[in-house]
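Hi there,

Here is the structure I promised to pass along. Have a look at it first, and my notes on the charged side chains follow below.

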Amino acid sequence: ALSFIGIRSLSAGSTVNYFGVVKNGAASETTRDLGVLANVTWRVPGFRVTATGIQFQLDGVDVGTEVTTTMPASGTDMVAIAGIQNTSAVVHSVDVDYYSLGGGYAR
């Protein structure tokens with residue numbers, strides 16, 4: 001039951017895309033398919049806080065639609081920039097070459 005804002009890869013059948021995730025500490029979460037394949041191409045994932053929600057980004061470009069539901073009420077317990085949700089027995093991994101966290105979370 002953590003508050004969470006981040007990006008994960010998730011298999012939706014034969015393709016694996018990046019998804020933005022916002023969770024407010026309850027059992028529910030909101031996900032957005034960012035429409036970008038999670039493949040061997042290096043990406044710079046991120047998000048920005050807007051006046052009404054969270055807008056996810058890949059390589060500095062807004063992708064997917066803004067999330068305005070299941071917003072954390074005050075701060076977050078965890079912010080993950082990249083992750084993998086494994087829904088099968090197949091082994092998956094993520095390579096992180098650079099990690100940086102900046103800016104603020106003010107609502």
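Let me start with Glu29, which counts as partly exposed at 35% relative accessibility. Its side chain meets that of Arg8 in a salt bridge, with N and O 2.6 Å apart. Glu29 sits in strand β3 (residues 29-37) and Arg8 in strand β1 (residues 3-11), so this pair ties together parts that are 21 residues apart in sequence. Unlike Glu29, which is partly exposed, Arg8 is buried, at a relative accessible area of 13%.

Before going further, please keep in mind that this is a predicted model. The mean pLDDT of the protein is 77, and 65% of the residues reach 70 or more. Confidence is highest in strand β6 (residues 61-62), at a mean of 92, and lowest in strand β7 (residues 78-84), at 57.

How many salt bridges does a search of the whole structure find? There are three, and the pair of Glu29 and Arg8 is one of them.

Another joins Asp59 and Arg43, at 3.6 Å from N to O. Asp59 is in the loop between β5 (54-58) and β6, while Arg43 is in the loop between β3 and β4 (45-49), so the bridge ties together parts that are 16 residues apart in sequence. Both partners count as partly exposed: Asp59 at 39% relative accessibility and Arg43 at 27%.

Then there is Asp62 with Arg48, whose closest N and O atoms are 2.6 Å apart. Here the link runs between strands, because Asp62 lies in β6 and Arg48 in β4, and the parts tied together are 14 residues apart in sequence. Asp62 is partly exposed, with a relative accessible area of 35%, and Arg48 is partly exposed as well, at 36%.

Finally, a residue you may want to look up in the viewer: Lys23, in strand β2 (residues 16-24). Side chains of opposite charge can pair when their charged atoms come close. What is the nearest side chain of opposite charge to Lys23? That is Glu29, 5.0 Å away, and Lys23 is buried yet has no salt bridge. A salt bridge needs the nitrogen and the carboxyl oxygen within 4 Å. Glu29 does have a salt bridge, with Arg8. Leaving aside residues up to four places away in sequence, Lys23 touches Leu2, Ser3, Phe4, Ser28, Glu29, Thr70 and Pro72.

Happy browsing, and best wishes!

Key
Residues are numbered from 1 along each chain as its sequence is written. This is a predicted model: local features need pLDDT of at least 70, side-chain atom pairs count only at pLDDT 80 or more; totals for chains, interfaces and linings use all residues. Side-chain values use heavy atoms; hydrogens and water are left out. pLDDT is the predictor's confidence in each residue, from 0 to 100. Helices (H or I, at least four residues) and strands (E, at least two) are DSSP runs, numbered from the N terminus. Buried means under 20% relative accessible area, exposed over 50%, partly exposed in between (1.4 Å probe, protein chains only). Lys and Arg count as positive and Asp and Glu as negative; His and the chain ends are not counted. Contact means heavy atoms within 4.5 Å.
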